[in-house]
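Got the viewer open? Switch to a cartoon view and let's take a walk through the sheets and the helix.

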Amino acid sequence: MRVNCVGAIVFDAAGRLLLIKRGHPPGMGLWSLPGGRLEPGESDEAGVRREVLEETGLRVEVGRLAGTVDRPGPGGVTYVIRDYLATVSGGTPTPGDDAADVRWCARDDLARLPLSEGLLESLTGWGVLPPG
């Protein structure tokens, strides 16, 4: 079974990437982009806005699709994740929903944090990371 998911690639004015620490499986304890499953009938744009608000307390404007990845899930599920560029339009970063923590990360931080599998490689391959 394929499950449609979305994620947000959000940078602050200093070029730091917004990451959340997953508070629940899959990926509990790993740092990842804010995002999750789409609700029935929900558009990608609406899903990105909802997930970012639920997990980080931030409101965002959704931009272009950066890339898509397939990730295995439990019980033979495949998560089809479409990651979009987004910009903050309001709010204060506060962990919520299934996020245990939220933070802005400089490029150097990405090499030191336990990231979700394939995250750094995908962002690099899509050319969306600032030079570091």
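Before we start, one convention: two elements are in contact when heavy atoms lie within 4.5 Å. Keep in mind too that this is a predicted model.

First stop: select β1 (2–10), β4, β5 and β6, then add α1. The helix α1 lies across these strands and runs at about 100° to β5.

Now hide the helix and look at the sheet itself. This is an open sheet of 4 strands in the order β4-β1-β6-β5, with mixed pairing. Color β4 (35–37) and β5 (58–72): they stand at the edges with a single partner strand each, so one side of each has no neighbour in the sheet. Look along the sheet for its twist, which averages 20° from one strand to the next.

Zoom in on β5 and strand β6 (residues 78–91). They run antiparallel and are joined by 12 bridges. To pick out one spot, select aspartate 70 and find valine 80 of β6 standing opposite.

Next, the other stop: an open sheet of 3 strands, ordered β3-β2-β7, with antiparallel pairing. Here β3 (31–32) and β7 (99–105) are the edge strands; each has a single partner strand, so one side of each is left without a neighbour in the sheet. Select strand β2 (residues 17–22) together with β3, and you'll see an antiparallel pair with 2 bridges. Isoleucine 20 has serine 32 in β3 as its bridge partner.

Finally, bring helix α1 (residues 44–56) back. α1 packs on this sheet as well, touching β2 and β7, and its direction makes about 65° with that of β2.

Definitions and conventions: Residues numbered from 1 in each chain as written. Predicted model: local features only at pLDDT ≥ 70, side-chain atom pairs only at ≥ 80, totals over all residues. Heavy atoms only, no water. Pairing = 2+ DSSP bridges. Axes fitted to C-alpha atoms, helices over the stretch in contact; angles between N-to-C directions.
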